[in-house]
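Hi,

Here is the structure I said I would pass on to you. Have a look at it first, and then read on for what turned up.

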Amino acid sequence: MEGTVKKKSAVLGRDADFKKTSPLSRLPGYLTVQFVRFSVGVAPDSGETVARKILKDVKYTMKLDMYEFCTTELQQKLSPMRTKFKEQEEKKMAQKAKLIAEGKLLGPKLAGAAAIPKKDENVEYEPFQFEDGTYEM
């Protein structure tokens, strides 16, 4: 998570913008997400910061990938399972494309689809830790 904080700098003798970063070292079992339909901008007439409601429909994905918000140590722990899940997804897509080409697609689920890869027994997992860093909503 990144943001800027405006603070009085004793060295500069004025307000300065500081960059604040807070990477996640552990992913929680449940993640609360607030979907906001507001944008922040500057009013052209007064120059003040104002919040404006977005009136059009806003679409959100049903999968949230938290990988980029994690520390490098946690990213290294998540990488092996992310690779396995990606390979598994590519196999499913290739199988689906083959069935569509042959005209044998049996509905939304594929016949004989491979199972999700098992956890590596040699890796020690944190409690409530997600193997690939994604949340399904």
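Let's begin with serine 9, which counts as buried because its relative accessibility is 9%, under the 20% cut-off for that label. Keep in mind throughout that this is a predicted model. Serine 9 is part of strand β1, which covers residues 2-9. A polar atom of its side chain sits 3.2 Å from the backbone nitrogen of leucine 12. If you skip the neighbours within four places in sequence, serine 9 is in contact with Arg14 and Ala16.

Now zoom out to the whole chain. You'll find six strands and one helix in it, and going along the sequence they come in the order β-β-β-β-β-α-β. The chain has 137 residues, and 15% of them count as buried, serine 9 being one of the buried residues. As for contacts with a separation of 6 or more, 54% of those in the chain are between residues 24 or more positions apart. The exposed area of the chain comes to about 11500 Å², with 55% of that supplied by carbon and sulfur atoms.

On the surface, there is a nonpolar patch of about 380 Å² to look for. Leu31, Val33, Phe35, Val58 and Tyr60 make it up. To find leucine 31, go to the loop between β2 (14-21) and β3 (38-42). Leucine 31 has a relative accessibility of 31%, so it counts as partly exposed.

Then there are the charges. Side chains of opposite charge can pair when their charged atoms come close. How many salt bridges does the structure hold? Just one salt bridge is present, and it is formed by aspartate 65 and arginine 82, whose closest N and O atoms are 3.0 Å apart. Aspartate 65 belongs to strand β5 (residues 63-65) and arginine 82 to helix α1 (residues 72-102), so the pair ties together parts that are 17 residues apart in sequence.

Are the two partners buried or partly exposed? Aspartate 65 counts as partly exposed because its relative accessibility is 32%, and arginine 82, at 25%, counts as partly exposed too.

That's what I have for you. If you want places to start clicking, try serine 9 in strand β1, leucine 31 in its loop between β2 and β3, and the salt bridge of aspartate 65 with arginine 82.

Cheers

Terms used. Residues are numbered from 1 along each chain as its sequence is written. This is a predicted model: local features need pLDDT of at least 70, side-chain atom pairs count only at pLDDT 80 or more; totals for chains, interfaces and linings use all residues. Side-chain values use heavy atoms; hydrogens and water are left out. Helices (H or I, at least four residues) and strands (E, at least two) are DSSP runs, numbered from the N terminus. Buried means under 20% relative accessible area, exposed over 50%, partly exposed in between (1.4 Å probe, protein chains only). A polar contact is a pair of N or O atoms within 3.5 Å; within protein, one must be able to donate a hydrogen and the other to accept it, and residues adjacent in sequence count only if both atoms are side-chain atoms. Contact means heavy atoms within 4.5 Å. Patches are made of residues with over 30% relative accessible area and no salt bridge: like charges are joined within 9 Å, nonpolar side chains (Val, Leu, Ile, Met, Phe, Trp, Tyr) within 5 Å. Accessible areas come from the Shrake-Rupley method with a 1.4 Å probe; for residues, only the protein chains shown count as cover. A salt bridge is a side-chain nitrogen of Lys or Arg within 4 Å of a carboxyl oxygen of Asp or Glu.
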